[in-house]
Amino acid sequence: YGAPGVEFMGLHEENNTVMQIHFIPEQCQLVTLLDDNSLHLWSLKQHSGASELREEHRFTLKGPPGSPPSATQVTAVLPHSSREVLYLGTESGNIFVVELPSFRVLEDRTITSEAVLQRVPEDSCNRRSCELVEALREHPKNPDQILIGYSRGLIVLWDLQNNKATHHFLGSQQLENLYWQRDGSKFISCHYDGSYTQWPVSSDNRQPEPLEYLVPYGQLAPSGTADHRSGGGLSWEKFDDPSAMVVLAEEELVVIDLKTAGWPAVHPPYLASLHCSAITCSHHVSNIPLKLLSSSFQVLVMELNDEDAEHVVDHSEADLLQDQEGYRWKGHEKLKTRDGPVRFEAGFQPFVLVQCQPPAVVTSLALHSEWKLVAFGTSHGFGLFDHQQKRLVFVKCTLHPSDQLALEGPLSRVKSLKKSLRQSFRRIRRSRVSSRKRRGGSGNASEVQEANAKFDQDALQEMELAPVQRKIEARSAEDSFTGFVRTLYFADTFLRDSSRHCPSLWAGTNGGTVYAFCLRVPPAERRMDEPVRAEQAKEIQLMHRAPVVGILVLDGRSTPLPEPLEVAHDLSKSPDMQGSHQLLVVSEEQFKVFTLPKVSSKLKLKLTALEGCRVRKVTVANFGSCKTDDYSENDLAVLTNLGDIQIISLPFLKLQIRYPCIRKEDVSGIASCVFTKYGQGFYLISPSEFERFSLSTKWLVEPRCIVD
């Protein structure tokens, strides 16, 4: 797991949780158990020069007519080393044997709980001792013997040839799992209370004396008496002289080095553990220099340092409300900054902190590393900070007088969703009440109540269907969060007149407003002596007030402007500053092209009115030819709320192709999607796992691996 470029994926047709995975020894096959009690056989087979994981068979264990579900509910799976059969332990305590690869049940080889009870002394167990098989393990030296572990602590060594128990072991705690020592002389039982017990397997069939261990707070503490040796300051009994221990926790996979003093964890070969922490925000950066890449750290406003450093992080405050009357913040106070110097490891080290007032969530961020400027936006407005002079350039409040919800505290999806639901219900209720009045009908109270209940159910269904039926509707300026800043964008373009271009900052809000500011950035020789100045030059209000999700300037060749420093490092061509520039504004509902500097509408594409969907993510992607390096084109890659991706041409806004990508019900996957500059993308398939995809025939991301 985790080796670069190695990946095999199999997708069950059933939408059920995978409970267990077991490899068939030396067969390039594995068996999966789902929570619907179905078993699936997968094979790694070579096809077109690569190995593919394919489902061969599926099977559900069925009991006799009238038997309860627990009789065949699979709880433990053991693929036998013969590669011919599977042993399936169940909730009822019975162990069924199925043939591979056909999944045919071999009824004459079933190990029933009654048969086990008959071969274990009566004073050692009762009928309930053989309920629920928790673990099955084959003897490492004798394939004719298997270890059966029952939930209540009874463990039986079963002879498959003679169909009898050769040994039995009684644990005092609920069993979780079993593991053999490699020579077969001992095995370990793991228990619910965090303890584990080592059991010697004698040749004279006598009941052994176990050695019990308790594992509190990560230490091993022996509670029995035996010959111990000391290692790394902890006492532990020597079994099989292990070199490492692999621990699968609920949210991560940990490998512990048992040969090194202190038992340090082994660094995994991948970026993060399986589920260490939920990913909440992602951004893809292309063309990374190797020096930068070698330093998987986080970014605040930071600079790269090859050595450890200790310094004071400068602090600045940006008051976005600007003491405007009528606004009062009701959320939490701002975080207090630490006084004095702070020590940082080598890598990216923060050197300046900007705190917004009110201390609301930062909703958008843009960095221009060439101009040494960073722009930030919240639900109250946006600002510009000069991180070379460590000085605030300006702030702009975007709040509408009705935006009281933005002052309640941290942005709450629940609050806005509840409000949206209430408003939708009220609108539909009003329309139905008015239609009922027009018909002249009126029922008694119970009929009205019943009708309202049915209406609520119908309304929810209507709202679920709404995305594919909705047309563009003008939004009121009184809608909440209209000042929410959705996107920020730096551009060197023509903003005041067609003869002179200048640096500029663009901001788009949730209420369909676009602000443009002219910037004066001093030349390099006077950069520390003169301040950066900003002046508002344009303000555009979209007719339908739909949220602005993207802003882009196209040069004289209708090519998107390059990223900062790309031209200086020969990673991009210089933009055409001779021909006229164009401004592309992308809202949730339409794409609109304006001429610059006059900002007159040139053409538009109404996505919602035609397709019944809304834009969630948009980026410019460069699509190169898979046949020649001499041709490439820039297009818009658009992800909608229906989970499909549309490729739209620039600058004519023609739909090229549509791909289904993410299930429309997967809201978190759609919200987390991020595009690359070359037609690839990522989205979360779990709180901490990315799925990668490609829209370009030149850059294929399908892993092509071979297993011999």
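Strands S2 and S3 (residues 38–47) run antiparallel and are joined by five bridges. Within this pairing, Val31 stands opposite Leu41 in S3. The model described here is a predicted one, and this pair of strands is a convenient place to begin reading it. The two strands form a hairpin with three residues between them, and Asn37 in that hairpin takes a positive phi near 75 degrees.

The neighbouring pairings extend the picture on both sides. On one side, S2 (residues 29–34) is joined to S1 by six bridges, and these two strands also run antiparallel. Here Gln20 stands opposite Leu33 in S2. On the other side, S3 pairs with S4 in the antiparallel sense over ten bridges. Leu41, already met as the residue facing Val31, stands opposite His57 in S4. S3 and S4 form a hairpin too, with two residues between the strands, and Ser48 in the turn has a positive phi of about 55 degrees.

Taken together, four strands make up an open sheet in the order S1-S2-S3-S4, with antiparallel pairing. S1 and strand S4 (50–60) stand at the edges with a single partner strand each, so one side of each is left without a neighbour in the sheet. From one strand to the next, the twist averages 25 degrees. As a reminder for anyone tracing side chains here, those of a regular strand alternate between the two faces of the sheet.

Thr17 belongs to the segment before strand S1 (18–24). Which residues does Thr17 touch, not counting those up to four places away in sequence? They are Leu33, Leu34 and Asp35. Thr17 and Leu33 are 16 residues apart along the chain, and their C-alpha atoms are separated by 8.7 Å. Leu33 is also the residue that stands opposite Gln20. With 44% relative accessibility, Thr17 counts as partly exposed.

Attention now turns to the aromatic residues. A pair of aromatic rings is described by the distance of the centres and the angle of the planes. The model holds 14 aromatic pairs. In one of them, the rings of Phe169 and Phe187 have their centres 4.9 Å apart and their planes at 85 degrees, so the pair is edge-to-face. Phe169 lies in strand S11 (residues 164–170) and Phe187 in strand S13 (residues 186–191), so this pair ties together parts that are 18 residues apart in sequence. Both Phe169 and Phe187 are buried.

Phe382 and Phe517 form another pair, with ring centres 5.8 Å apart and planes at 85 degrees, so this pair is edge-to-face. The pair links distant parts of the chain, since Phe382 lies in strand S29 (residues 381–386) and Phe517 in strand S33 (residues 513–520), 135 residues apart. Are these two rings buried or exposed? Phe382 counts as buried at 0% relative accessibility, and Phe517 counts as buried at 6%.

Ring pairs also link Phe169, Trp180, Phe187 and Trp199 into a cluster. A charged residue meets a ring elsewhere: Arg137 lies over the face of Tyr179, at 5.3 Å from the ring centre.

Two loop residues deserve a look as well. Thr337 is found in the loop between strand S23 (314–319) and strand S24 (342–344). Leaving aside neighbours within four places in sequence, Thr337 is in contact with His315, Leu353 and Gln355. Thr337 and Asp314 are 23 residues apart in sequence and 9.7 Å apart in space, C-alpha to C-alpha. At 33% relative accessibility, Thr337 counts as partly exposed.

Arg545 sits in the loop between strand S34 (533–541) and strand S35 (548–554). Its relative accessibility is 29%, so Arg545 counts as partly exposed. The C-alpha atoms of Arg545 and Asn510 are separated by 7.8 Å, with their positions 35 residues apart along the chain counted as the sequence separation.

Finally, a word on confidence. The mean pLDDT of the chain is 80, and 78% of its residues reach 70 or more. Over residues 215–238 the pLDDT is below 50, and this stretch has 43 contacts in the model beyond near neighbours in sequence. Residues 435–443 also have pLDDT below 50, with two contacts in the model beyond near neighbours in sequence. Where pLDDT is low, the predicted coordinates should not be read in detail.

Note on methods: Residues numbered from 1 in each chain as written. Heavy atoms only, no water. pLDDT = per-residue confidence, 0-100. Contact = heavy atoms within 4.5 Å. Buried < 20%, exposed > 50% of the residue type's maximum accessible area, 1.4 Å probe, protein only. Phe/Tyr/Trp six-rings, centres within 6.5 Å; stacked < 30°, edge-to-face > 60°. Lys NZ or Arg CZ within 6 Å of the ring centre and 35° of its normal. Pairing = 2+ DSSP bridges. Axes fitted to C-alpha atoms, helices over the stretch in contact; angles between N-to-C directions.
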